[in-house]
Amino acid sequence: MASSPRPIISVQDLHKSFGPKTVLDGVNLDVGKGESLVIIGGSGTGKSVTIKCIQGLLTPDQGRIEINGENVIGMAPADRERVNSRIGMLFQAAALFDSLPVWENVAFGLLSEGRANRADARDMAIEKLALVGLDASLADLSPADLSGGMQKRVGLARAIANDPEIIFFDEPTTGLDPIMADIINDLIVAVNQKIGATALTITHDMQSAKKIGDRIAMLYQGKIIWAGPADAIDDSGNPYVDQFIHGRVEGPIKMALRA
Amino acid sequence: MNFLQMIGRVFLAFLATAGRLSIFTLSGVGHCLRPPFYFRIIGKQMIEIGYYSLPVVGLTAVFAGMVLALQSYTGFARFSAEGAIANVVVLSITRELGPVLAGLMVAGRIGAAMAAEIGTMRVTEQIDALTTLSTNPMKYLVAPRLIAGLTMMPLLVLVADIIGVFGGYLVAVHKLGFNPSNYIQNTMNFLELSDVVSGLVKASVFGFIVTLMGCYHGYHSKGGAQGVGMATTNAVVSASILILCSDYILTELFFSK
Ligand SMILES: Nc1ncnc2c1ncn2[C@@H]1O[C@H](COP(=O)(O)OP(=O)(O)OP(=O)(O)O)[C@@H](O)[C@H]1O
Ligand SMILES: [Mg+2]
């Protein structure tokens, strides 16, 4: 899908440091409506920090972030809630509410906005759980009783439960077996194409990136060093991208390993 | 000089904490007053504070009452003023020991649990997840706990008062040989409504302090299991200290004329 003229998410010159450590150093990123953008990059380069800035969970030091043309930095809490109600998010570590059973986790958004009574919300939650390959018998368990991969899938069900316009997936397939990973990839593609939701996915899994993404962007040293169509990534001509997607030790990216 | 630098740094850190705590308190109280209210969570917290703390607080109160009767007897016997025991027991329990002991016990039980729970939610990004589900964490996590603390502590202390006075009665009647009806008569004669009410007001304030400290330290915890552990300790220690300080201030306000 080609990006529409006005991007639904627009990030300009984003800077973020933690103390002396600069993590984001001028990130520029546009995601068009209905587009699926994948961000790749080494561990600790600030991919998660980027989406947390977009969601308003972290306050950037500098830069501009627009969602649907609205500047969201320094927004009043009520407006922020309105913007967030159209956004879904899968956290890297799932971040399920362990005081609530699985189904209430999935139905949390529905219940908190008062859009359904508890019985209907429960049915809806079970429906969404089925989408991510989880059985209805899990609905009343505590999230702590699930395996890591199952927790991730509950997190995914929660992220898509509210039929959001924009969804962030932070490493959706990490910790899943290859078959389940492919099911999740298909699910993300379906959410993106059938519902028309805009997706921003972080992943280390190149197979998944190519399958999910319309476009891929690579983050390195606080900047987007390459962005282009997903099928062009194999011949990007960028030595950093080449090294990353083939997982080579030799190349311009130096890992800080030397003792 | 290094020493001055250190003082300056500590002072600045103190100011920063005081500011953060003030903002947190104002925002928490603000959310207690404005809808939506999460009645399900308020109810759950009320049961946790009011009902499940009963055994601990009741046990503390009964022994406090017993030891008061025993101690005042050995003291007052020297002035042949044994008759004042009922008076001493009921006044100390309702005015001081009921609220303070219950406050300290609840600080250990509830304040610690709240700091640990909210702290874990912070470090596992559950609080961030609340925000992304357009739920304000101050409203969802903090306000219900503050409301429950404010309202349930007086009830808990009322029960503790009764149990404490009963503890004094047990020792006075069964060990020290007082006449039961005389003892009850003496207890009732000296007791004024203001004694009980002042104790209950204290209880409400202590309930607010305990839940506020639990929420505040949990909310601002960072750095994994160790951070949560530290938040828990800080919640209990700061709540206990604040209870004792505010107890003095409240007593001064109520009774100094
Ligand atoms: N709250 C925080 N306080 C201090 N430093 C942080 C914080 N959050 C992230 N960082 C730092 O920012 C850097 C980027 O973190 P981030 O989580 O975005 O990495 P990532 O690209 O998502 O990596 P991974 O692929 O391993 O998840 C890391 O070096 C991390 O130490
Ligand atoms: Mg990450």
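# Close-up views of a predicted two-chain model

**View 1. The magnesium ion (ligand 2) is held by A:S48 and A:Q92.** The magnesium ion (ligand 2) is coordinated by OG of A:S48 and OE1 of A:Q92, at 2.0 to 2.2 Å. These two residues bring together distant parts of the chain, 44 residues apart. A:S48 belongs to helix α1 (residues 47-55) of chain A, while A:Q92 sits in the loop between β6 (87-90) and α3 (102-106) of chain A. Please keep in mind, here and in each view below, that this is a predicted model. Are the two ligating residues buried or partly exposed? A:S48 counts as buried because its relative accessibility is 18%, under the 20% limit. A:Q92 has a relative accessibility of 36%, so it counts as partly exposed.

**View 2. A:A95 has a positive phi in the loop between β6 and α3 of chain A.** The loop in question is the one that also carries A:Q92, and A:A95 lies in it too. Phi of A:A95 is near 50°, a positive value in a residue other than glycine. A:A95 is buried, because its relative accessible area is 3%.

**View 3. A:D13 has a positive phi within strand β1 of chain A.** Strand β1 (residues 9-18) of chain A contains A:D13. Here phi is near 50°, which is positive although A:D13 is not a glycine. With 34% relative accessibility, A:D13 counts as partly exposed.

**View 4. Four strands of chain A make an open sheet.** Staying with β1, we can now look at its partners. In what order do the four strands of the open sheet lie? The order is β2-β1-β4-β5 (chain A), and the pairing is antiparallel. Strands of a sheet pair through backbone hydrogen bonds, either parallel or antiparallel. At the edges are β2 (21-31) and β5 (70-71) of chain A, each of which pairs on one side only. Strand β4 (residues 62-67) of chain A runs antiparallel to β5(A), and two bridges join them. If you would like a landmark for this pair of strands, look for A:E66, which stands opposite A:N71 in β5(A).

**View 5. Chain B is built from helices.** How many helices and strands are there in chain B? Chain B has nine helices and zero strands, and its pattern along the sequence reads α-α-α-α-α-α-α-α-α. The C-alpha atoms fill a box of roughly 65 × 55 × 35 Å along the principal axes. Of the 257 residues in chain B, 48% are buried. Among contacts in chain B between residues at least 6 apart in sequence, 85% join residues at least 24 apart. The chain exposes about 12,700 Å², and carbon and sulfur atoms supply 72% of that area.

**View 6. A nonpolar patch on the surface includes B:F3.** The patch is formed by B:F3, B:L4, B:M6, B:I7 and B:V10, which together have about 520 Å² of accessible area. One of these residues, B:F3, is found in helix α1 (residues 2-33) of chain B. B:F3 is partly exposed, with a relative accessible area of 48%. That value lets B:F3 count towards the patch, because patch residues need over 30% relative accessible area.

**View 7. A cis peptide bond joins B:P35 to B:P36.** The peptide bond from B:P35 to B:P36 is cis, with omega near 0°. B:P36 has its place in the loop between α1 and α2 (39-51) of chain B.

Notes:
Residues numbered from 1 in each chain as written. Chains lettered and ligands numbered in written order. Predicted model: local features only at pLDDT ≥ 70, side-chain atom pairs only at ≥ 80, totals over all residues. Heavy atoms only, no water. Patch = residues over 30% accessible without salt bridge, like charges linked within 9 Å, V, L, I, M, F, W, Y side chains within 5 Å. Areas by Shrake-Rupley, 256 points an atom, 1.4 Å probe, with all protein chains shown as cover. Salt bridge = Lys/Arg side-chain N within 4 Å of Asp/Glu carboxyl O. Buried < 20%, exposed > 50% of the residue type's maximum accessible area, 1.4 Å probe, protein only. Donors = N, O, S within 2.8 Å, 3.2 Å for Na, K, Ca; no water. Contact = heavy atoms within 4.5 Å. Pairing = 2+ DSSP bridges.
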